[in-house]
Amino acid sequence: MTDPLLAGVVARLLAQLLAPTVDTWPALTVLQSSPLDAVLAPLYWILDLWSGAVGWVAKQTGLQVLEYGFMHRAILVGLCIGVMAPLIGTFLVHRQLALIGDALAHTAFAGVAVGLFLNAVVDLGVTPYLTAVVVAMIAALCIELISEVTDAYNDVSMAIVLSTGFALGTTLISINAGGLTVSVDQYLFGNLSTVTSQSAAVLLVLFAIVVAVVGVTRNQLLYVTFDETAAEVSGIPVDWYNRIVVMLTAMVVVGAMQIMGVILVAAMLVVPVAAASQVARSFDEALLVSVVLAELAVLLGIGVSYYAGATAGGVVVLVAVAIYVAAVAVGKLQTAYGDEATPEMGRIDVDEHDSPSD
């Protein structure tokens, strides 16, 4: 009896290997979906591994929130946002550009509208978040170019781009061309259940780009942030690094928009960084603390929103604001008990190895 049973098991395994299905080899089947899916196939494989790991944790802990595939993707997206947003937001807050995230988020909505319009009219077959990346990056460059060409303040150029982008988005959404009838709530307010494998894979690409670029250009961005004049005198191309920052901001905004929505996405660029500035005493410490606080806000927010049946973006922001209030209290206690005061936003502790290269 043992041999026939063993033979049957082996035969079933061979059948699965030779004729893979969506359940056994999803990374292979997506190769036949679209050119974009073929490019993202390795990332789908990573998502499969991640989902398997989270599923194992769900079995060990019995947490219901970890039993669903869409929650696996949403948690991964949230973890990436918890790193990306403070990483760029720290530079933005110190440069008093906190509101640029809001401007790019509204412009990214126009990119979503462009993607929906093209999918409805010409069956483009790509996630609207991909077109949102392109449009948001173009808008980021426009903000810088308007400031450089017209000598207008940054808030003026941001207001112009914000209003233009949102107007374009609402116009395209309102056009009923080719059967373009969609609900935009998920893009305005975020939705955990709408994080698809394709959009999660796109986010992983954005995450890798943001972390890699900041890692390579960290010293230059540091000096441009705190002393533009000195950076320019030392030979650093300030304008180009300003453009790098705003383009990276556009990537972060589009990535975070999946669960935060257009309305609340800017909060993750600002609130964790503001909280970290209350307790940190150097730039590097503020950066590390802001990432930890952002991850805490995202994970707690996703968990609470799932069990409460609330919108994830709103809960994440409320948790982040609560953490900020707690950080303010801790900072006041530090000052009251004679600890070293938290540095002002313009101060930075620089080591010798942080000096910019010629």
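In the predicted model, the largest nonpolar core comprises 98 residues, among which Ile-100, Leu-104, Val-210, Ile-259 and Met-260 touch the most other members. Helix H11 gives the most to this core, with 15 residues. The surroundings of one of these central residues illustrate how the core draws on separate stretches of sequence: leaving aside neighbours within four places along the chain, Ile-100 is in contact with Leu-92, Ile-143, Met-158, Val-246 and Thr-249.

The architecture in which this core is set is built from 14 helices, with 0 strands, so that the order of elements from the N terminus on reads α-α-α-α-α-α-α-α-α-α-α-α-α-α under the helix and strand assignment used here. Of the 358 residues in the chain, 45% are buried. Among contacts with a separation of 6 or more, 75% are accounted for by residues 24 or more positions apart. The chain exposes about 17300 Å², and carbon and sulfur atoms supply 67% of that area.

Helix H12, which spans residues 267–277, is mostly covered, 10 of its 11 residues being buried. The buried residues of H12 are Ala-267, Met-268, Leu-269, Val-271, Pro-272, Val-273, Ala-274, Ala-275, Ala-276 and Ser-277. The cover over these residues includes helix H4 (69–94), helix H5 (100–122), H11, helix H13 (283–308) and helix H14 (312–336).

Helix H11, which runs over residues 238–264, also holds Arg-243. With a relative accessible area of 16%, Arg-243 falls under the 20% limit and therefore counts as buried. When neighbours within four places in sequence are left aside, the contacts of Arg-243 are with Leu-141, Glu-144, Leu-145 and Glu-148.

A further buried position is Ala-200, which is found in helix H9 (residues 197–226) and has a relative accessible area of 2%. Apart from neighbours within four places in sequence, Ala-200 is in contact with Leu-47, Val-77, Val-195 and Gln-258. The contact with Gln-258 joins positions 58 residues apart along the chain, and the C-alpha atoms of Ala-200 and Gln-258 are separated by 8.8 Å.

Side chains of opposite charge can pair when their charged atoms come close. In this model the count comes to 2 salt bridges. In one of them, Arg-95 pairs with Glu-228, and the closest N and O atoms are 3.8 Å apart. Arg-95 lies in the loop between H4 and H5, whereas Glu-228 lies in helix H10 (residues 228–233), so the pair ties together parts that are 133 residues apart in sequence. The two partners are covered to unlike degrees, since Arg-95 counts as buried at 16% relative accessibility, while Glu-228 is partly exposed, with a relative accessible area of 36%. The other salt bridge is formed by the side chains of Asp-284 and Arg-218, with an N to O distance of 2.5 Å. This pair likewise links distant parts of the chain, with Asp-284 in helix H13 and Arg-218 in helix H9, 66 residues apart. Here, too, the arginine counts as buried, Arg-218 having 18% relative accessibility, whereas Asp-284 is partly exposed at 39%.

With regard to cysteines, a disulfide is a covalent bond between the sulfur atoms of two cysteines. The structure holds 0 disulfides. Cys-80 is buried, with a relative accessible area of 7%, whereas Cys-142 is partly exposed, with a relative accessible area of 32%.

At the surface, Trp-45, Ile-46 and Leu-49 make a nonpolar patch of about 310 Å². Leu-49 is located in helix H3, which covers residues 35–61. The relative accessible area of Leu-49 is 49%, and Leu-49 is therefore classed as partly exposed, because a residue counts as exposed only over 50%. Membership of a patch requires over 30% relative accessible area, a condition that Leu-49 meets with its 49%.

Notes. Residues are numbered from 1 along each chain as its sequence is written. This is a predicted model: local features need pLDDT of at least 70, side-chain atom pairs count only at pLDDT 80 or more; totals for chains, interfaces and linings use all residues. Side-chain values use heavy atoms; hydrogens and water are left out. Patches are made of residues with over 30% relative accessible area and no salt bridge: like charges are joined within 9 Å, nonpolar side chains (Val, Leu, Ile, Met, Phe, Trp, Tyr) within 5 Å. Accessible areas come from the Shrake-Rupley method with a 1.4 Å probe; for residues, only the protein chains shown count as cover. A salt bridge is a side-chain nitrogen of Lys or Arg within 4 Å of a carboxyl oxygen of Asp or Glu. Helices (H or I, at least four residues) and strands (E, at least two) are DSSP runs, numbered from the N terminus. Buried means under 20% relative accessible area, exposed over 50%, partly exposed in between (1.4 Å probe, protein chains only). Contact means heavy atoms within 4.5 Å. A disulfide is a pair of cysteine sulfur atoms within 2.5 Å. A nonpolar core is a set of buried Ala, Val, Leu, Ile, Met, Phe, Trp, Tyr and Cys residues joined through side-chain atoms within 4.5 Å.
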